[in-house]
Amino acid sequence: MAPVATELKLGKKINEGKTKEVYELPDLAGCVLMQSKDQITAGNAARKDHMEGKAAISNTTTSSVFQLLHESGIKTAFVRKHGDTAFIAAQCEMIPIEWVCRRIATGSFLKRNPGVKEGYKFYPPKIEMFYKDDAANDPQWSEEQLIEAKFCFAGLTIGQTEVDIMAHSTQAIFEILEKSWLPQNCTLVDMKIEFGVNITTKEIVLADVIDNDSWRLWPSGDRSQQKDKQSYRDLKEVTPEALQMVKRNFEWVAERVELLLKTKSHGRVVVLMGSSSDLGHCEKIKKACANFVIPCELRVTSAHKGPDETLRIKAEYEGDGIPTVFVAVAGRSNGLGPVLSGNTSYPVVNCPPLSADWGPQDVWSSLRLPSGLGCPTILSPEGAAQFAAQIFGLSNHLVWAKLRSSMLNTWISLKQADKKLRECTL
């Protein structure tokens, strides 16, 4: 992401942590500047060193990660990168909890759970929370402790609903980043994140930073190749040479984290309609594909009236090597989907535009197929597009991330609707 380097008027310093400073932005209502420092710490700053260039490295990492999550559909405080060492974010009142998600048992988990061997894998990922209190060494909290604390930030009381939203969001965020690192043969072992309440929207959003201090990252799943801050924690003595080794690890991550925003896998949806009268139905499929950033082409062909042309169009898309999902839109008697399915190894989905008068009869031509055909039927145009996205998501982490984020946001909307209804009936 290209940084925006325009001058900003800084207001007062709102907060300062071990590795960053937060400033008001008088000319950008509801926003703050997150300024990184050239500092690396471990053990709640029991170990602390200056690392030249770390601010820029951390800012690059955080900005790329937050851009990926934002474009996937995760609600974050991130607005845009500003210069090399800072980014603009929505101002939040921070919830003083570190949420930790683990796929592999290592680190402090082993100390707190004797008998568990390093490398034990959690399915689903394990969620833990820790109250941010340096003096008490960030004690682990239970869900019940967080609820009973009755925190209130930006007017939002943190109750069961809010705790559930943060827990589910933590898992989804971890899984999106885990999936995004896999094409580079890197294992995301665990990570920690924080949430805040946006002072403008009053909603919980992912906030703070996600940089190389925030996770464990093992290339090829090999701990001895670790590239994260653990390489600094493990130092018996901090020498200039050792610090340079740690910096090279951080630079390695910063270079590759920008690749999370790209994918080598591409695909398309081709909608074949039996008649141009079905164009409105097909446009809905195309619009839904756009939500997943999947190219979609519309064609007109009839398997009954021009089977030779239908098969020629099919061959045209098979011949250029681009992974393709065909969606067959045919009313009345659907010969289009079955003919395509019987003559291609590419996925074919029926999405018939059923009419009110003959729909119950016509749908059987899409459902009851000859043997040897694998051609599912989805009546909803949006559902057909989503099915295609799920196919592409198997090899495209950006599409998969949008699907995973959509699942999360649907779950959150239901949770919030239930809370609102209960508040109205109490």
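A residue counts as buried when its relative accessible area is under 20%, as exposed when it is over 50%, and as partly exposed in between (1.4 Å probe, protein chains only). Keep that in mind for the tour.

You are looking at a predicted model, in which local features need pLDDT of at least 70, side-chain atom pairs count only at pLDDT 80 or more, and totals for chains, interfaces and linings use all residues. Residues are numbered from 1 along each chain as its sequence is written, and side-chain values use heavy atoms, with hydrogens and water left out.

**First stop: Arg112 and Glu128**

Select Glu128, which is buried at 4% relative accessibility. Now add Arg112, which is partly exposed at 29%. Their side chains form a salt bridge with an N to O distance of 3.0 Å; the term stands for a side-chain nitrogen of Lys or Arg within 4 Å of a carboxyl oxygen of Asp or Glu. Arg112 sits in helix 2 (residues 108–112) and Glu128 in strand 10 (residues 121–131), so this pair ties together parts that are 16 residues apart in sequence. Helices (H or I, at least four residues) and strands (E, at least two) are DSSP runs, numbered from the N terminus. In total, the model has 27 salt bridges.

**Second stop: Glu148 and Lys150**

Move on to Glu148, exposed at 57% relative accessibility, and Lys150, also exposed, at 56%. Here the salt bridge spans 3.6 Å from N to O.

**Third stop: helix 8**

Select residues 307–318 to show helix 8, where Lys314 and Glu318 lie 4 residues apart, about one turn of the helix. A salt bridge of 3.1 Å, N to O, joins their side chains. Is Lys314 buried or exposed? Lys314 is buried, with a relative accessible area of 11%, while Glu318 is partly exposed at 26%.

Next, select Arg102, Arg112, Glu128, Asp190 and Arg216 together: salt bridges with shared partners join them into one network.

**Last stop: a pocket**

Finish at Ser275, Ala330, Gly331, Arg332 and Ser333, the residues nearest the centre of the second largest pocket among the 21 that line it. A pocket, on a 1 Å grid over the protein atoms alone, is an open set of points where a 1.4 Å probe fits, with protein on both sides within 12 Å along at least five of seven lines; lining residues have an atom within 4 Å of a point. The space in this pocket is about 450 Å³. Its lining has 6 nonpolar, 10 polar and 5 charged residues, with Asp, Glu, Lys and Arg counted as charged, Ala, Val, Leu, Ile, Met, Phe, Trp, Tyr, Cys and Pro as nonpolar, and the others, Gly among them, as polar.

Conventions
Points joined across faces, edges and corners; volume = space filled by probe spheres on them.
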